[in-house]
Amino acid sequence: MKLKVSAVLAVGAATAAAAIALGSPPNAVAIPSGPGAPPSGPCALRGISNDVAESADTPAGFARSSGVVRALTLFIDFPDARATMSPHARFAEFFPAATDYFRISSYGRLTYHPIPLFQWIRMSRPLAAYGIQRGASFDPASDSGYHALSQEVVRAVDPIVDFRDYDVINVIASPNAGPPATRTVLSVTFSGGDMGMKTADGVPFRNTSFIWSRQTGVSAFRVLNHENAHSFGLPDLYYTDERRATPPVGHWDPMDEDWGPSNDFVGWHKWKLGWLSPDQVHCAPHNGTPGEHTLTPVSTPGGTKIVVIPTSPRTALVAEARTRGLLDPTVCRPGVLVYRVATDVPSGRGPLRIVDATPHSGGCYKSSKFVEPELTDATFLPGDTYTDHTTGAAVTVLTENPDGTYRVRVTPART
Ligand SMILES: [Zn+2]
């Protein structure tokens with residue numbers, strides 16, 4: 001049987017930036033409006049089912065993404081790149097910040113427990129001997145690459161770790177191993193299907209993120225959130241083929257940009273991850289009647305988060321309100337964000353694209369090298385209408401209410 005292994009990379013980027021530090025969450029995030037639930041109904045579009053994708057349902061083999069998620073967290077170094085810091089200090093570069101991020105973004109519906117094994121696991125060979133490069137694969141027939149690294153890690157900890165107890169695995173390398181992230185981002189996740197390697201506990205070794213080097217800026221920990229989100233089933237939104245084009249999502253989701261100042265996940269991702277209750281998702285199916293909806297900003301717990309307007313069995317328009325918030329400090333044009341999801345478009349090929357209300361404007365947030373500015377002013381404001389001329393689907397922003405919510409009128413697509 002042919003092995004299907006999804007190798008999904010961290011976002012590449014260049015240098016330093018200023019941003020708002022991720023502070024303590026407000027108490028309000030602990031009060032979701034109801035239990036989260038996996039997507040269902042006519043707007044829960046099906047699509048690619050054997051890899052990370054925008055399909056509403058997440059296939060078997062990926063990690064759970066709501067409730068309690070347990071993350072075995074291991075530390076590796078190399079004979080030619082011995083750690084010069086304690087594993088505790090390396091751990092502190094990511095936690096508790098990454099845990100806080102997941103709790104706030106999920107409105108308290110994802111409780112992420114990193115379980116560290118505080119020792120450096122020394123690999124047997126120099127780093128170069130493993131042939132780790134950006135895009136390196138996991139080949140169970142190979143004596144190098146990620147398979148060789150993983151075998152050594154598993155052999156080292158199998159006697160003391162029961163892999164059945166964990167949902168995801170983080171393997172965090174000593175920061176002096178390999179190139180700086182500002183030059184080459186190596187961080188990668190092998191998620192979903194059985195990769196062809198088992199632990200002594202009988203479970204496949206999978207849903208594993210390898211974190212290399214250091215990103216810069218105050219929310220550099222988000223590389224871990226990005227990588228773990230692949231284990232939850234989310235695709236890369238930036239172009240992994242490195243085509244020269246404006247990123248399709250920009251700073252509206254960390255699956256496109258996970259450098260620099262913080263950014264929150266789009267509502268479609270929160271739905272897919274089980275962080276929304278059914279009443280927080282409004283569906284405007286084909287040939288339905290136009291209707292009005294009140295959207296509570298993604299950064300505010302509670303309320304309706306998205307209106308989904310299917311435009312075909314594999315595509316939809318989605319509308320959500322985005323305003324400045326704890327995880328969204330860079331929003332410079334609060335309003336209604338409209339985007340297209342395509343559940344049949346592979347990871348890294350633009351499965352989610354923002355509709356730009358102000359094309360070629362140059363954007364409104366230009367103070368960070370890590371934020372591609374063009375789409376930062378993509379939101380629609382009261383009085384604006386976006387119409388998809390192929391299907392007639394439309395979103396009109398009616399008002400911004402005094403409580404910060406937005407009233408929108410939605411016209412479903414015609415078949
Ligand atoms: Zn990625």
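**Exercise 1. A proline and its loop**

In which loop is the place of P96? Then describe the peptide bond that joins F95 and P96.

*Solution.* This is a predicted model. Start with position: P96 sits in the loop between α1 (87–92) and α2. Next, look at the bond. F95 and P96 are joined by a cis peptide bond. Its omega is about 10°. Now set that against the general pattern. Most peptide bonds are trans.

**Exercise 2. A backbone angle**

Find where S213 lies, and state whether its phi is positive or negative.

*Solution.* Go to the loop between β6 (208–211) and α4; S213 is there. Read its phi: the angle is positive, about 55°. S213 is not a glycine. Most residues other than glycine have a negative phi.

**Exercise 3. Two helices that cross**

Describe how α2 and α4 cross, give the handedness of the crossing, and list the residues that meet.

*Solution.* Two packed helices are described by the angle between their axes and the distance between the axes.

- Step 1, distance. Helix α2 covers residues 97–105 and helix α4 covers residues 222–231; their axes come within 8 Å.
- Step 2, angle. The axes of α2 and α4 cross at roughly 60°. That angle makes α2 oblique to α4.
- Step 3, hand. The α2 and α4 crossing is right-handed.
- Step 4, residues. From α2 come A98, Y101 and F102. They meet R222, L224 and N225 of α4.
- Step 5, classes. The contact of α2 with α4 holds four nonpolar residues, one polar and one charged.

**Exercise 4. The five-stranded sheet**

Work out the strand order of the open sheet of five strands, then look at how β9 and β10 pair.

*Solution.* Write down the order: β7-β9-β10-β11-β12. The pairing in this open sheet is mixed. Now find the edges. They are β7 (281–283) and β12 (352–354), each paired on one side only. From one strand to the next, the twist averages 25°.

Zoom in on one pair. Strand β9 spans residues 306–312 and strand β10 spans residues 315–322. They run antiparallel, joined by five bridges. One partner to locate is that of V307: A319, in β10.

**Exercise 5. The four-stranded sheet**

Which order do the strands take in the open sheet of four strands, and how many bridges pair β14 with β15?

*Solution.* The order is β8-β15-β14-β13, with antiparallel pairing. Edges next: β8 (291–295) and β13 (385–387) each pair on one side only. The twist here averages 20° from one strand to the next.

Then take β14 (residues 394–400) and β15 (residues 406–411). Six bridges pair them in the antiparallel sense. To place the register, find A394: it stands opposite T411 in β15.

**Exercise 6. The whole chain**

Count the helices and strands, then judge how compact the chain is from its radius of gyration.

*Solution.* The chain has five helices and 15 strands. Its radius of gyration is 21 Å, and the globule rule gives 22 Å for 415 residues. The two values are close, so the chain is as compact as a globular protein of that length. Finish with the outline: along the principal axes, the C-alpha atoms fill a box of roughly 65 × 45 × 40 Å.

Methods: Residues are numbered from 1 along each chain as its sequence is written. This is a predicted model: local features need pLDDT of at least 70, side-chain atom pairs count only at pLDDT 80 or more; totals for chains, interfaces and linings use all residues. Axes are lines fitted to C-alpha atoms, for helices over the stretch in contact, and angles run from 0 to 180 degrees between N-to-C directions. Helices (H or I, at least four residues) and strands (E, at least two) are DSSP runs, numbered from the N terminus. Angles under 35 degrees count as roughly parallel, over 145 as roughly antiparallel, 65 to 115 as roughly perpendicular and the rest as oblique. A crossing is left-handed if the near helix is turned anticlockwise from the far one by less than a right angle, and right-handed if clockwise. Two residues are in contact if their C-beta atoms, placed from the backbone, lie within 7 Å. Ala, Val, Leu, Ile, Met, Phe, Trp, Tyr, Cys and Pro count as nonpolar, Asp, Glu, Lys and Arg as charged, and the others, Gly among them, as polar. Two strands pair if DSSP finds at least two bridges between them. The radius of gyration is taken over C-alpha atoms; the globule rule is 2.2 Å times the number of residues to the power 0.38.
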